[in-house]
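Student: Could you take me through one part of this model up close, the place where two helices pack against each other? After that, I'd like a look at a few individual residues elsewhere in the chain.

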Amino acid sequence: MYVIHNGLIVTEEKILENHALVIDGKYIHAIVPNEEVKNWQNAEQVDANGAYITPGFIDIHSDYIETISAPRPTSLIDLNISLKETEKILINNGITTMFHSLSLYKTDMFSKNAMRTKENVQRLINLIHETSDDLHLIRHRLHARFEIDNTEGVDLLLENIEQNKVHLISFMDHTPGQGQYRNLQYYYDTIQGYRSISNNEIQTMIAEKQRAEIITPEQIKDITTLAVERNIAVASHDDDHMEKLHLVQSFGTTISEFPITLDVARGAKQLGLYTVVGAPNVLLGKSHSGNLSAVEAIENDCADILCSDYYPSALLHAVFQLHKQYGYDLREMINKVTINPARAVKMEDEIGSIQVGKKADLLMIEEMDHGYPMLTKTMVDGLFITETNYRI
């Protein structure tokens, strides 16, 4: 049993001063005023040193493991090593629950990335599934990102759903000329960022992508129906018009990832969808593909959730940047990386907020003199996983 005191406890509703947390086993046992700490004298006392005590971060969209698994186009690191090394990085960025976003492409349109072949994606899906029975640092989940031209991959996706290996599904359409790449120049620039390609080659690629066969709305509905029956959340991706939002919602979709414009983000909110924006977008001050600014979405109350997307450190720094630089309430920003994503993926009864009876996934975050947030301690399931000591 632990008693964590001398910190600022960030609950979903408010920031508590002069209170302590009592942790018993995996769970939060009590939140008590400081004067009641004496009732737990036999518990191990943990001094938070004035830090913010927050729930662990829940990241529902990140393909960062691809970077660790295939750091070079021709280099594929052992996937078990990659998963273990990735979680060490994630826990040190405050991410205690990760939905690894693995892409199920027909072909990798951008590069010859070894982590986007069907065989390697499936191997990693299996390893993620096995973590619950193996030594691990954080809670691993799978976000299956399905590209709609992957007509040959439907059966494999359904098989993984039926084997309980999928915890979130999103349907992607990266066809140039719409969605994320409605501006073809951004599509061209993105391709060029991966490999050198001539203008003629890219024009051929665009034409091929635009006439590619895609799965039918009926197939999407069948997949979504199975997911909903199994309590798996479903997301749409790069929404660019209201007609798409209405269609995907009719199938059972509850999350809109990276709406392209402010009007679409507003529309998603009006429909009751959870809206997701990227934390790197906050740090960069813009979308890397020229679409909706995350700060603008937050300013207009159109962003429920921040995800790390491709840069795990972005969650912690975006939260504090939004608070310090833009003046947003810190508690509300922390909710965007804790309880809001927990609700979106239907885990709010277990994690996502500091509440009696929930899992003790906790972070202690101190601020340096110049405002740099430093994560000093992390706890998952009531166990301290990491401690970091900055020094002069």
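Tutor: Let's start with the handedness: α2 and α3 cross in a right-handed way. Keep in mind that we're looking at a predicted model. On the α2 side, the contact is made by Leu 79, Asn 80 and Leu 83, and they meet Asn 120, Arg 123, Leu 124, Leu 127 and Ile 128 of α3. Sort the residues of this contact by character and you get five nonpolar, two polar and one charged. As for geometry, two packed helices are described by the angle between their axes and the distance between the axes. Here, helix α2 covers residues 79-91 and helix α3 covers residues 118-130; their axes come within 10 Å and cross at roughly 55°. Because of that angle, α2 counts as oblique to α3.

Now for the single residues, beginning with Thr 378, which sits in strand β17 (residues 373-380). Its relative accessibility is 0%, so Thr 378 counts as buried, the cut-off being under 20%. Setting aside residues up to four places away in sequence, Thr 378 touches Ile 91, Leu 362, Leu 363, Leu 383, Phe 384, Ile 385 and Thr 386. One of these, Ile 91, belongs to the 79-91 stretch of α2, which ties this residue back to the helix we began with. With Thr 386 there's also a polar contact between the two side chains, at 2.6 Å. Ile 365 is 13 residues from Thr 378 along the chain, and their C-alpha atoms are separated by 9.1 Å.

Another threonine to look at is Thr 275, in strand β14 (residues 274-278). Thr 275 has 0% relative accessibility and therefore counts as buried. Leaving out neighbours within four places in sequence, Thr 275 is in contact with Ser 256, Ala 265, Ala 268 and Lys 269, and also with Cys 302, Ala 303, Asp 304 and Ile 305.

Finally, go to Ile 215, which is found in a loop, between α6 (199-210) and α7 (217-229). Despite the loop setting, Ile 215 counts as buried, because its relative accessibility is 3%. Not counting residues up to four places away in sequence, Ile 215 touches Phe 146, Ile 148, Asn 150, Thr 151, Val 154, Phe 171 and Ile 220. The C-alpha of Glu 147 is 9.1 Å from that of Ile 215, with their positions 68 residues apart in sequence.

Conventions: Residues are numbered from 1 along each chain as its sequence is written. This is a predicted model: local features need pLDDT of at least 70, side-chain atom pairs count only at pLDDT 80 or more; totals for chains, interfaces and linings use all residues. Side-chain values use heavy atoms; hydrogens and water are left out. Helices (H or I, at least four residues) and strands (E, at least two) are DSSP runs, numbered from the N terminus. Buried means under 20% relative accessible area, exposed over 50%, partly exposed in between (1.4 Å probe, protein chains only). Contact means heavy atoms within 4.5 Å. Axes are lines fitted to C-alpha atoms, for helices over the stretch in contact, and angles run from 0 to 180 degrees between N-to-C directions. Angles under 35 degrees count as roughly parallel, over 145 as roughly antiparallel, 65 to 115 as roughly perpendicular and the rest as oblique. A crossing is left-handed if the near helix is turned anticlockwise from the far one by less than a right angle, and right-handed if clockwise. Ala, Val, Leu, Ile, Met, Phe, Trp, Tyr, Cys and Pro count as nonpolar, Asp, Glu, Lys and Arg as charged, and the others, Gly among them, as polar. A polar contact is a pair of N or O atoms within 3.5 Å; within protein, one must be able to donate a hydrogen and the other to accept it, and residues adjacent in sequence count only if both atoms are side-chain atoms.
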